[in-house]
Amino acid sequence: HGILNAGLSMFAKVCLRAGLYVYATAEYPSLIRGGHNNLDVRVSDKEIHSQNRHTDMIIALNKESIDKHASKVSENGAIIYDDEKESVNKDDLRDDIKLYPVPLLKIANEVGHAIMRNTVAIGASMALLNFDLSVLNEVITENFKRKGDEIVNSNIKAAKSGYDYIKENFDDDFGHHITGSGSHGKMFLSGHDAVAAGAIKAGCKFYSAYPMTPASSLLTSMAKNESKYDIVVKQTEDEIAAINM
């Protein structure tokens, strides 16, 4: 959940707010017993409609992320990782890949709490991309305002710390920069929100479903609009019951 929140709610929203186009794809593996998952975010100054096969930057919260995805890194691409938690042998990677070791967990603990290492990492990525932190601060404020000013300010500080660490410890030689061009009025919708909006607009008045990833979020989206649009939404005990209803 932390990865999705950092990628979708922060990085992607920052890019969208700055007038860029964003396409995000979350992996939905079976993780009942734990395991690896990832989120890909593609950003462009032109309209995009799909993911692509290469990655210009990886934020790796563990060594497994590097092992699984380093082969997708584009020429002169970057990997941000926590060098105090993970040992990375550069000889195992292509020579052109740029490594940016950042003590994510240490910085997060210094500014507030370990859970904010995602925010530290997003701040570091903004520094590599030479992106203005002000838009990120706006998104952080929106994301965490219901948790109070202390949490908002701690996350803003965490992002700034990650940003400053990159600027102070590495040369400004990463070739991928992004520049905002002002708002284009586009919305950032998840797939389930788009399906729900289409169904409601088309006149859907009854929805029955059994929650199962990734369809659970569609049930949630329909349920939260139940009263507003006079829809009957039923969560059933299994899929057969949903069909029968």
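Here are a few notes on Asn155 and on the nonpolar cores of this predicted model.

1. Ground rules. Residue numbers start from 1 along each chain as its sequence is written, and side-chain values use heavy atoms, with hydrogens and water left out. Since the model is predicted, local features need pLDDT of at least 70 and side-chain atom pairs count only at pLDDT 80 or more, while totals for chains, interfaces and linings use all residues.

2. Where Asn155 sits. Look for Asn155 in helix α6, residues 149-169 (helices are DSSP runs of H or I, at least four residues, numbered from the N terminus). Asn155 counts as buried because its relative accessibility is 3% (buried means under 20% relative accessible area, with a 1.4 Å probe and protein chains only).

3. Its partner, Thr119. The side chains of Asn155 and Thr119 share a polar contact of 2.8 Å (a pair of N or O atoms within 3.5 Å, where one must be able to donate a hydrogen and the other to accept it; residues adjacent in sequence count only if both atoms are side-chain atoms). Their C-alpha atoms are 6.4 Å apart, though 36 residues separate them along the chain.

4. Other neighbours. Leaving out residues up to four places away in sequence, Asn155 also touches Met116, Ile140 and Phe144 (contact means heavy atoms within 4.5 Å).

5. The main core. The largest nonpolar core has 42 residues, with Met126 among those having the most contacts inside it (such a core is a set of buried Ala, Val, Leu, Ile, Met, Phe, Trp, Tyr and Cys residues joined through side-chain atoms within 4.5 Å). Helix α4 gives the largest share, seven residues.

Conventions:
Helix = DSSP H or I, 4+ residues; strand = E, 2+ residues; numbered from the N terminus. Buried < 20%, exposed > 50% of the residue type's maximum accessible area, 1.4 Å probe, protein only.
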